[in-house]
Amino acid sequence: MATFYNQATLSFNGTLTNSNVITGELVEVLSAEKRAINDSYIGTDNITYVISIVNSGTRDLNGIYVKDNLGEYKHKGTSVFPLTYVEGTLHYYVNGELQETPDVTAGPPLVIRNLNIPADGNALLIYIAEPNEFASPKTKAKIRNVAKISGSGLCRDIEVYDTIGSADIAQLNISKSISPTTVIENGRLTYTFVIQNTGNTPATKEDDVIVTDTFNPRLRNLTVTLNGTVLTEGNQYTYDKKKGEFETVAGVITVPAATYDREYDGGWSIDPGVAVLQVTGTVWAKKGREFSEELSEEQNEESNEKLNEKTNEE
């Protein structure tokens, strides 16, 4: 609702006389709101936005358009856009019924044209945007996304916005390598696990990070290190040498948070936090009818019986 004022002037015989000032109110029939479905943004995970437009008037409003600034802000005097519209994701509903997709310019900014809002009706726009390199990954960072609704028949533009903050979490991934890639029987090999954290929060003991693996072929005489420090079996990792099953104890592995640098153009580069777990052991090889001496006598007897039975059958 907008208030307006008006005053008239009367002139006669070179004299000016002002009338009284009248006050009126212009009732706006179009209202809108915008919100993000997500509570926060994480890396480049999609964000779903919803714009709701209501026409409380008695006539249809046609040719309405929406301009979404995709979180625009200034960096070194230049506009940057931390969100990218995901093409093909727009859904347009009128009074709850899905309509044909209107004209869309991905931008930035994102522009949606030729919307029609029926009298005493409503429209709903649902679309997805993706954080990009201009979205700050740091803690307490925010994206303020503003949409402007315009068109003939409106007394003024309507602005709606939603602010979403970065999630303060660790984001972990793991890669594995082997050295050497070719190993002889009873030779030593090393598995290296690199755990990277691209999140803005460290992975701590309370996050219960665990690495599990089943070695095939099995290993014996393990040496396990985390960032170069030797771990002890039982307290910091477990290993079932009969099955080749390896597992670190929850909370032993921690990974520092990533660090972030701002590029000249305003984009962010990520230097992940890293933890390196290495497991070195001797390949558990079988020779003739006997397994390695570390197998139990019972296992050796069972294995030998099976081999003898096979030999007799042949």
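## A buried tyrosine pair

In this predicted model, Tyr-49 and Tyr-127 are both buried. Their rings form one of six aromatic pairs counted in the structure. The Tyr-49 and Tyr-127 pair is tilted, with 6.2 Å from centre to centre and 35 degrees between the planes. The tilted label fits because planes count as stacked under 30 degrees and as edge-to-face over 60.

What does this pair tie together? Tyr-49 belongs to strand 7 (residues 47-55) and Tyr-127 to strand 16 (residues 121-131), so the two rings link parts that are 78 residues apart in sequence.

## Two nonpolar cores

Tyr-49 turns up again in the largest nonpolar core, which has 34 residues. Along with Leu-30, Ile-51, Val-66, Leu-125 and Ile-149, Tyr-49 touches the most other members of that core. A second core, separate from this one, holds 23 residues, among them Leu-189, Leu-222, Leu-231 and Val-255.

Leu-30 is a handy residue to click on if you want to explore the largest core. Which residues does Leu-30 contact, once neighbours within four places in sequence are left aside? The list is Ile-53, Val-54, Asn-55, Leu-61, Ile-117, Ile-149, Leu-154 and Ile-158.

## A six-stranded sheet

Now for the strands. Six of them make an open sheet with mixed pairing, in the order 6-18-17-8-15-14. At its edges are strand 6 (40-41) and strand 14 (103-105), each of which pairs on one side only.

Strand 14 runs antiparallel to strand 15 (residues 110-117), and three bridges join them. For a residue to look for, try Thr-105: its bridge partner in strand 15 is Val-111.

## A three-stranded sheet and an aromatic cluster

Another open sheet has three strands in the order 21-25-24, with antiparallel pairing. Here the edge strands are strand 21 (212-214) and strand 24 (237-240), each pairing on one side only. From one strand to the next, the twist averages 10 degrees.

Strand 21 and strand 25 (residues 245-248) run antiparallel and are joined by three bridges. Asp-213 stands opposite Phe-246 of strand 25. Phe-246 is also part of an aromatic cluster, in which ring pairs link it with Tyr-191, Phe-215, Tyr-237 and Tyr-239.

## Arginines over rings

Two arginines are worth a look as well. Where does the charged end of Arg-144 sit? You will find it over the ring of Tyr-161, 4.0 Å from the ring's centre. Arg-218, in turn, lies over the face of Trp-284, at 4.5 Å from the ring centre.

Notes:
Residues numbered from 1 in each chain as written. Predicted model: local features only at pLDDT ≥ 70, side-chain atom pairs only at ≥ 80, totals over all residues. Heavy atoms only, no water. Pairing = 2+ DSSP bridges. Helix = DSSP H or I, 4+ residues; strand = E, 2+ residues; numbered from the N terminus. Axes fitted to C-alpha atoms, helices over the stretch in contact; angles between N-to-C directions. Core = buried A, V, L, I, M, F, W, Y, C linked by side-chain atoms within 4.5 Å. Buried < 20%, exposed > 50% of the residue type's maximum accessible area, 1.4 Å probe, protein only. Contact = heavy atoms within 4.5 Å. Phe/Tyr/Trp six-rings, centres within 6.5 Å; stacked < 30°, edge-to-face > 60°. Lys NZ or Arg CZ within 6 Å of the ring centre and 35° of its normal.
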